[in-house]
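Here's a quick tour of a protein model, from its sheet to its aromatic rings. Have the viewer open as you read.

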Amino acid sequence: MSLRIEVQHDSAVPIYLQIVQQLRERISNGEVSEGTLLPPERTLAQQLGVNRSTVVSAYRELKRSGLARAHVGRGTSVLAFGREDGAADTTASLPWRQLFAESVRQDSDPLVRDLLEMAGREDVIPLSVGLPAPELLPAEMIERVTRDLSGKLGSASLLQCPTEGLRPFRESLAERMCSRGVECGAEEVLVLSGSQQGLDLAARVFLDPGDLVVVDEPTYFGALQAFRGARARIIPVPSDEQGMVTDVLATVLERQRPKLIYTLPTFKNPAGTVMSLPRRQHLLELAWRYSIPVLEDDPYSELRYDGENLPSLKALDRHGGVIYLSTFSKILFPGLRLGWLVADRTVVRQFALLKQAIDLHSDTPGQWVVDALIREGGLDEHIRMVRGHYARRRDLMHETLQNCAPAGVRWARPEGGFYLWCRLPVEVERSRLVSTAAEAGVSFLPGWSCYVEDPGTPFIRLNFSFSREDQIVPGVTRLMDAVARSSAGARLNVAEGVGTHPIV
């Protein structure tokens, strides 16, 4: 659409706010109606003669104000605006979006919801969502264990449990952690309603508005949402094929005093990289020197297909400063909203007090079921099975990219986890890529959502675990064709034998 917007470059009002003010006026007077798609960021930037980042800031402010929302694959659209003339309208509902708290309006990013919605569509090949394969879910095993527990426990399996979790389950988790080099007891384990709850609790427990938190980027966008929700200031530290660049972290800590360091050291989401042992040791040394807790997010370490295992940060921790977080959603099934945390008892106690106010306790039947799977060996059996399937899917995606990726696309073959992380040529127009891929019936995770600020270079995250094997080749082929057709310059040529270079 074409908008009548004029900007004054010599005005004291920032240009992005001038854009916001004029769009707000057009929305409020009905000139731009609800559901109208706003121009792509690059298009409006060219129209106004400003940097694209200026339009990005303007659209972001509109979203925070409840006047617009972003849709994966469709762009940014206008939302309804509350009436300002005081006129009665007996047919209109309350302007709910304008009545929500500012913190809610700012944090309501629909990305995850939109991606999950696309994953459920039969006409879309979903390379976007980080979920296990539906056809590999242990349905029969879960049914058998549930039936056995029902006969053994009766209604007890359906009752409430302590906020910290069932004692037998916490003991099983502690034993499992001990087998992986983490010395802990049941009192140092807290059962969570998924690892995302652990991120939310950590943000609530440690961060006041304005506090600093360090992340190694690119990073998990769900963590960025949690920290932004706590009104923290996020400090990005770059990472490469060996994980967080701890020399840069050392420089940051000499000047800043963050309250928390967040990292995914093993098969990082989204980049799939593994932090090297020397950097793990250096990170822990720095954290101890400056008395900063480390939040280790570890959903994927049991999904290793090649190479040698490395000890977790928690296993290397000699001072109790690491808070370890993991989940069963990636290794069992996503509907099982169970995760766990291992930390100092003081931390567990504080997290439990806050969790009690949120959901009392996590799913009781699920805890009994997973505890039984751990004790009888069914969990390890299932993990061994899915490793083989996921390794084949990873290799198939890697080979397909080698065959059809346009020149300039770079990626690395991960040793485990769920993802391939691709760097695209700078000529690729990101908004055009999203829409072109959606039209082609394939979804991906926009990599720029995994950065604190716009990285400039376009990245995409591809998941190989969720789609069926027969979907990977057509899905990747469609997506790479969309990449080729989304270049701002000359048509990209297909290159042979590219893609094995490190990409972060």
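## A parallel pair to start with

Let's begin in the middle of things: strand 5 (residues 212-217) and strand 6 (residues 233-240) run parallel and share 6 bridges. Within that pairing, Asp216 sits opposite Val237 of strand 6. To get from strand 5 to strand 6, the chain passes through helix 10 (residues 221-229), and this β-α-β crossover is right-handed. Keep in mind that this is a predicted model.

Strand 5 has another parallel neighbour, strand 8, joined to it by 3 bridges. Here Val213 has Leu260 of strand 8 as its bridge partner.

## Strand 5 under cover

How many residues of strand 5 are buried? The count is 6 of 6. In a regular strand, side chains alternate between the two faces of the sheet. Strand 5 is covered on both faces: Leu212, Val214 and Asp216 are buried on one side, and Val213, Val215 and Glu217 are buried on the other. Note that the buried set includes Asp216 and Glu217.

## The whole sheet

Zooming out, the open sheet has 8 strands in the order 4-11-10-9-8-5-6-7, and its pairing is mixed. Strand 4 (189-192) and strand 7 (243-244) are the edges, each pairing on one side only. At the strand 7 end, strands 6 and 7 pair antiparallel over 2 bridges, with Ser239 opposite Met244 of strand 7.

Helix 9 (residues 195-206) lies across strands 4, 8, 9 (294-297), 10 (322-327) and 11 (339-342). Its direction is at about 150° to strand 10.

## A serine in a loop

Ser276 belongs to the loop that runs between strand 8 (260-263) and helix 12 (277-289). Is Ser276 buried or exposed? With a relative accessible area of 14%, Ser276 falls under the 20% cut-off and therefore counts as buried. Leaving aside residues up to four places away in sequence, Ser276 touches Gln242 and Leu310.

## Rings and a charge

A pair of aromatic rings is described by the distance of the centres and the angle of the planes. The model has 12 aromatic pairs. Take Phe418 and Tyr419: their ring centres are 6.0 Å apart and their planes meet at 75°, so this pair is edge-to-face. Phe418 and Tyr419 are both buried, and ring pairs link them with Tyr300 and Tyr390 into a cluster.

One more for the ring fans: the charged end of Arg430 sits over the ring of Trp448, at 4.9 Å from the ring centre.

Note on methods: Residues numbered from 1 in each chain as written. Predicted model: local features only at pLDDT ≥ 70, side-chain atom pairs only at ≥ 80, totals over all residues. Heavy atoms only, no water. Helix = DSSP H or I, 4+ residues; strand = E, 2+ residues; numbered from the N terminus. Buried < 20%, exposed > 50% of the residue type's maximum accessible area, 1.4 Å probe, protein only. Contact = heavy atoms within 4.5 Å. Pairing = 2+ DSSP bridges. Right-handed = clockwise from strand over helix to strand, strands pointing away. Phe/Tyr/Trp six-rings, centres within 6.5 Å; stacked < 30°, edge-to-face > 60°. Lys NZ or Arg CZ within 6 Å of the ring centre and 35° of its normal. Axes fitted to C-alpha atoms, helices over the stretch in contact; angles between N-to-C directions.
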